[in-house]
Amino acid sequence: MSDEFSTVSAFSDLLSTVTQLGEVLRQQGWTVSCAESCTGGGIAYVLTSVAGSSDWFNQSWVTYSNQAKQQRLGVTPSTLNHHGAVSQQTVEQMVNGVVENSGAEVGVSVSGIAGPGGGTKEKPVGTVWFGFSIGGQLYSRCCQFDGDRLSVREQAIHFAIDFLYQRLVAE
């Protein structure tokens with residue numbers, strides 16, 4: 001999967017951040033779990049790419065379909081019908097499902113439109129929503145990334161890991 005990242009340097013920098021993130025989680029005695037849609041397990045892949053990640057990485061789900069989001073994470077049909085899979089409401093329900101189902105203290109969820117198709121005027125290609133639960137505190141963020149499918153996915157993975165690290169350091 002590292003060939004998905006545009007440069008070896010970018011992947012190396014990301015692994016450095018993951019190593020630091022892991023140290024913070026280890027010091028807190030916390031674990032992290034993920035639910036991913038458009039990144040297809042990329043966040044979990046990067047988090048488990050460093051030695052010792054079994055100390056702080058719990059588990060992950062790739063919930064690409066709406067059905068999987070409902071069955072595995074408890075996203076309601078009403079949320080999906082009214083707001084869509086790529087929405088603040090959906091990623092918040094996803095991350096709540098992650099934490100409830102895994103027992104992890106830290107959860108991350110992501111759902112977006114990586115392209116090349118699937119975008120709309122309201123939600124163009126590159127729109128990605130993130131949900132984070134850190135020690136019981138809920139955060140959600142929306143980003144608009146540029147580039148092709150691989151670039152959008154790469155940027156989403158970077159954002160999720162950077163956000164987790166920055167929030168954990170601030171705790």
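The paragraphs below follow one strand and its partners, and then turn to the cysteines. The structure is a predicted model, and what is said here describes that model.

A good place to begin is strand β3, which covers residues 106–112 and is mostly covered, with 7 of its 7 residues buried. This holds on both faces of the strand: Val106, Val108, Val110 and Gly112 lie buried on one side, while Gly107, Ser109 and Ser111 are buried on the other.

Strand β3 has pairing partners that run in opposite senses. With strand β1, made up of residues 32–36, β3 pairs in the parallel sense over 5 bridges, and within this pairing Ser33 has Gly107 of β3 as its bridge partner. With strand β4, residues 127–134, the arrangement is antiparallel, and 7 bridges join it to β3; here Val106 finds its bridge partner in Ile134 of β4.

The cysteines call for a separate look, since a disulfide is a covalent bond between the sulfur atoms of two cysteines. A search of the whole structure finds 0 disulfides, and the distances between sulfur atoms help to explain this result. For Cys38, the closest cysteine sulfur belongs to Cys143 and is 11 Å away, which is too far for a bond. For Cys142, the closest cysteine sulfur is again in Cys143, at 6.6 Å, and this too is too far for a bond, because the two sulfur atoms of a disulfide must be within 2.5 Å.

Cys38 and Cys142 can also be described by their surroundings: Cys38 is buried, with a relative accessible area of 3%, whereas Cys142, at 40% relative accessibility, counts as partly exposed.

Conventions:
Residues are numbered from 1 along each chain as its sequence is written. This is a predicted model: local features need pLDDT of at least 70, side-chain atom pairs count only at pLDDT 80 or more; totals for chains, interfaces and linings use all residues. Side-chain values use heavy atoms; hydrogens and water are left out. Buried means under 20% relative accessible area, exposed over 50%, partly exposed in between (1.4 Å probe, protein chains only). Helices (H or I, at least four residues) and strands (E, at least two) are DSSP runs, numbered from the N terminus. Two strands pair if DSSP finds at least two bridges between them.
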